Amino acid sequence: MDRRSFLKKASLFTAMNIFCVENIFAKNIGTFDSAELAFKALGISLKDGNYFAGMGDPHFNVERTHYNDLFNQVADELKTYSPAPAFLAMLGDLISNGNKCAGDVSKNHNMAIKELELLKAGINRLKPIEPKFVLGNHDTIEPKDFDNVLYKKYMPELKSYYSFDFAGVHFITLNGLHCAMLDDDQLKWLKDDIAKLKGQDIVIFIHQPVGSVSAEYKAGLVVRDIVNSYKGDVKIIAGHTHKNAQMTLHTPSGKTASQFVLEAPRKNKAPVYWLFAVRNNKIAGCVFRNKDAKFEAYSFDGKKRDWLEPFEKQNYKAVFSPLSPEYEERKVEGWFNPSKCIYYYYFLKHLEVGIDLSKVGKYSKLALLGSRLRGKKAKTKFRFSSDGENWTELEPTKENNFYYEFDLPESLKNKKKIYVDLWTGHVASNFSCIAVK
């Protein structure tokens, strides 16, 4: 498969697989000819200042130079406002080829270095508006790149996570790294940063959206803990999926957080961006500059969605992921390389694992969670065994886009070990964990 076809399929994975909470937009107040008129409909005057801009993944690119042109158009347009936005939040995947899973590995390094130079040129064009960088999976070189080595070498002034205050609101910029998770140093920093606050509203910038019940969920659980324990209001602004989405996430403890996922300019080949106004120490309203150069005004009243892990509220006796000591990986093959993240698989073609169930007791059902395996590329097969040699092929008795549950035959119930063999049906397959009940 050539690079162009690969990237097309990779973008489908990003947009369709990772983020599985239903896309529920905030209430659209109307569409207007200017940002000023759109904010006026929300009872806000841009002339008062105290607002900022946000955009989804810029993806500066050596080959697809129109991505760079789109960023430049956004920068030029933002500078026409008076007053201009205080800053532009760039929600991750600043470059395209840092990550070896998104193209020709032999070319990636040199291309990424050139893209960093394109990024620097774009930031220079944005002046005097300040950039607020968020790092994404394409800004790492592989799953265990916790230091963002490319940026550390070529843009050492860029912080991979940080916080700041603006107009009475505390902003926290997190680095979800390659696998939508926070490293230990970042987690300690985050806890210390939160501990210093006195209850003011928080806005969290992070590349990967939170609230996923598919593969990328660990960083979201950290954010959920913040929402659960923090007495102030929390809003999340993310990128990654390349399309707009808004929802109000409802935690198990009863607290809520509004999340905006921002469209990337590349999606509709248009210089799209969002504007967020801060009034009385809160985000008071937001406006989307759409692909038709019109301005959509939104309020915050999205429907609530449960904010859960893949296996919560499912009544499973035990759940096993690639990080579990009971989990034995026997074979793994991806449609592309690499196919394994730290705690889940992506671009997965074939996987065979064994699970030690000797401490579980009785069980009769098995489920594949945080998974999307069906597709037209090839036949999806689900095979199971108690010895790793004699296999029984089964079809799910329950399934949706991210969940498959099987009623096990008598020959496989209550065994001390069970083997699972998966052959996936499409390039964008992903898999997170196995559960029994």
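**Strand pairing and a helix in the predicted model**

An open sheet of 5 strands turns up in this predicted model, running in the order S16-S18-S24-S20-S21 with antiparallel pairing. Strand S16 (327-334) and strand S21 (392-393) sit at the edges; each has a single partner strand, so one side of each is left without a neighbour in the sheet. Further in, strand S20 (residues 381-385) and strand S24 (residues 417-423) run antiparallel to one another, joined over 5 bridges. One of the residues to look at here is Ser 385, whose bridge partner in S24 is Tyr 419.

Strand S19 (residues 365-369) is worth a look of its own. Here 4 of the 5 residues are buried, that is, under 20% relative accessible area, so S19 is largely enclosed by the rest of the structure. S19 pairs with strand S23 (residues 403-407) in the antiparallel sense over 5 bridges, and within that pairing Ala 367 faces Glu 405 of S23. S19 also pairs with strand S26 (residues 433-436), again antiparallel, over 4 bridges; there, Leu 368 lies opposite Ile 434.

Turning to the helix, H3 covers residues 65-78. At 1.5 Å a residue, its 14 residues should span 20 Å, and the end C-alpha atoms are indeed 20 Å apart, so the expected and modelled values agree. As for burial along H3, the buried residues are Tyr 67, Asn 68, Leu 70, Phe 71, Asn 72, Val 74, Ala 75 and Leu 78.

Key:
Residues are numbered from 1 along each chain as its sequence is written. This is a predicted model: local features need pLDDT of at least 70, side-chain atom pairs count only at pLDDT 80 or more; totals for chains, interfaces and linings use all residues. Side-chain values use heavy atoms; hydrogens and water are left out. Helices (H or I, at least four residues) and strands (E, at least two) are DSSP runs, numbered from the N terminus. The expected span of a helix is 1.5 Å times one less than its number of residues. Buried means under 20% relative accessible area, exposed over 50%, partly exposed in between (1.4 Å probe, protein chains only). Two strands pair if DSSP finds at least two bridges between them.
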